[in-house]
Amino acid sequence: MEGSSVEETLLLLQKLSRGPVLYITSALTVVEQIHYVKLGVTDFIYIPLDIQKLIDRLDVLLEKTQNSPYRVLIVDDSETMGRASGSILTQAEMQVQLIKNPLDVFVSLERFVPDIVLMDVYMPQCSGDEMAKVIRQQTRFDSIPIVFLSTETNRNKQLMARSMGGDDFWVKNMPAEELVASVTMTCARYRSLRRWMCCDSLTTLLNHTHIIEWLEREVKRSQKEALSLSFAMVDIDHFKKINDDYGHAIGDKVIKILARLLRHSINGEGAVGRYGGEEFAVVFSETSMIRAAQKLDSWRLRFTELIQMSDDIQFPVTFSAGIADLKNGMNAPQLIDAADSALYQAKHAGRNQVGLCQG
């Protein structure tokens, strides 16, 4: 940066931007790092520059900036109290759902998919700690924090309630800014934890278990609401040869490149997961098989155009895919088998194509 020091530039950036600041530099001491953090640096990228690590870090930062609003489920038999808290959180640009009957909580957990549950402790149908204990029997809701809201100030009773499955205990009628800050910090922390619990460590896509769980939920929803649903299996062609010729590090890089393309291409219209190895699973919500196949084929063409590199050697990589749609009476395992059969057909027909389930 000719003509100005790092300090002057960082001070200017603080006035012009609220986004992350990546500082590409040689090694720094801890004291120097602290100095630059105070001036607004959020990440240090060290020379020699590793482009793949830089891309991975930019992916994480981009994901944070694109996060959807926090979803807050309030369970309170007092509509007045619930609406007061809901209004505060709504003004803070959060999505809020209020239910008065705690017995309806499982419907909201399934459909609303909250980031946090704020639950009154004392309700006529059942107590908040009893409902929390029932919720915790369902392992798929383990990653959703349950926070009790009450006027109860007895510390022993608060601890007893938390021992039943709650994560924290907040006093009702706390200042608005404190409520917003508490919900924001809790949701941000648990989203980060869920990311590591649910996502594959190499690609940050949903891992095998959670993409299957996603598909199962979509199958139930599609059958109940009479919606279209398509599912695809994607497999990198000749992946073993890539590993043999260029090494496993390059193979991992190819997997990450395809994962990034799939993640950005689905664009919130479904879900993508790493099924295992070089194989991926794609759930196309509310999408017919033909429309899903058109999308997937366009992604296939884009992937073939990407330049893969190993040192100074360029090499092409393609993928094959099989796609199936949900039929009457079909369950998730049957839909997976149908897509897998279509993938086999695409491989058998010469690879680098999308196979459709017949029948």
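Buried means under 20% relative accessible area, exposed over 50%, and partly exposed in between, with a 1.4 Å probe and protein chains only.

This is a predicted model, where local features need pLDDT of at least 70, side-chain atom pairs count only at pLDDT 80 or more, and totals for chains, interfaces and linings use all residues. Residues are numbered from 1 along each chain as its sequence is written, and side-chain values use heavy atoms, with hydrogens and water left out.

**Confidence**

The pLDDT is the predictor's confidence in each residue, from 0 to 100. The protein averages 90, and 95% of the residues score at least 70. Helices (H or I, at least four residues) and strands (E, at least two) are DSSP runs, numbered from the N terminus. Confidence is lowest in helix H7 (residues 155-163), at a mean of 69. Strand S8 (residues 229-236) has the highest value, 98. Where pLDDT is low, the predicted coordinates should not be read in detail.

**Backbone in the loops**

Two residues other than glycine have positive phi; the table sets them side by side.

| Residue | Phi | Place | Relative accessible area |
|---|---|---|---|
| Glu93 | about 65° | loop between H4 and strand S4 (95-99) | 67%, exposed |
| Asn173 | near 65° | loop between strand S7 (168-171) and H8 | 64%, exposed |

A cis peptide bond joins Ile47 and Pro48, with omega about 5°. Pro48 sits in the loop between strand S2 (43-46) and helix H3 (51-65).

**Helix H8 and the cysteines**

Helix H8 (residues 176-198) has 23 residues. The expected span of a helix is 1.5 Å times one less than its number of residues. For H8 that gives 33 Å; the end C-alpha atoms are 32 Å apart, which agrees. Its buried residues include Leu179, Ser182, Cys187 and Cys198.

Cys187 is buried at a relative accessible area of 0%. Cys199 is also buried, at 18%. A disulfide is a pair of cysteine sulfur atoms within 2.5 Å. The count comes to 0 disulfides. Why does Cys187 form no bond with Cys198? The sulfur of Cys198 is the closest cysteine sulfur to that of Cys187, but at 15 Å it is too far. For Cys199, the closest is again the sulfur of Cys198; the 6.1 Å between them is too far for a bond.

**The second largest pocket**

On a 1 Å grid over the protein atoms alone, a pocket is an open set of points where a 1.4 Å probe fits, with protein on both sides within 12 Å along at least five of seven lines; lining residues have an atom within 4 Å of a point. The second largest pocket is lined by 16 residues. Met81, Ser85, Lys172, Asn173 and Leu179 lie nearest its centre. Strand S3 (71-75), helix H4 (79-91) and strand S5 (116-120) each give two or more residues to the lining. H4 gives the most, with 4 residues.

**Helix H13**

Leu335 and Lys347 both belong to helix H13, which covers residues 332-348. Is Leu335 buried or exposed? Leu335 counts as buried, at 0% relative accessibility. Contact means heavy atoms within 4.5 Å. Leaving aside neighbours within four places in sequence, Leu335 is in contact with residues including Leu215, Val219, Leu229, Phe231 and Met330. Ser182 lies 153 residues from Leu335 in sequence and 42 Å away in space, C-alpha to C-alpha.

Lys347 counts as buried too, at 17% relative accessibility. Not counting residues up to four places away in sequence, Lys347 touches Asp235, Ile236, Asp237 and Ser320.
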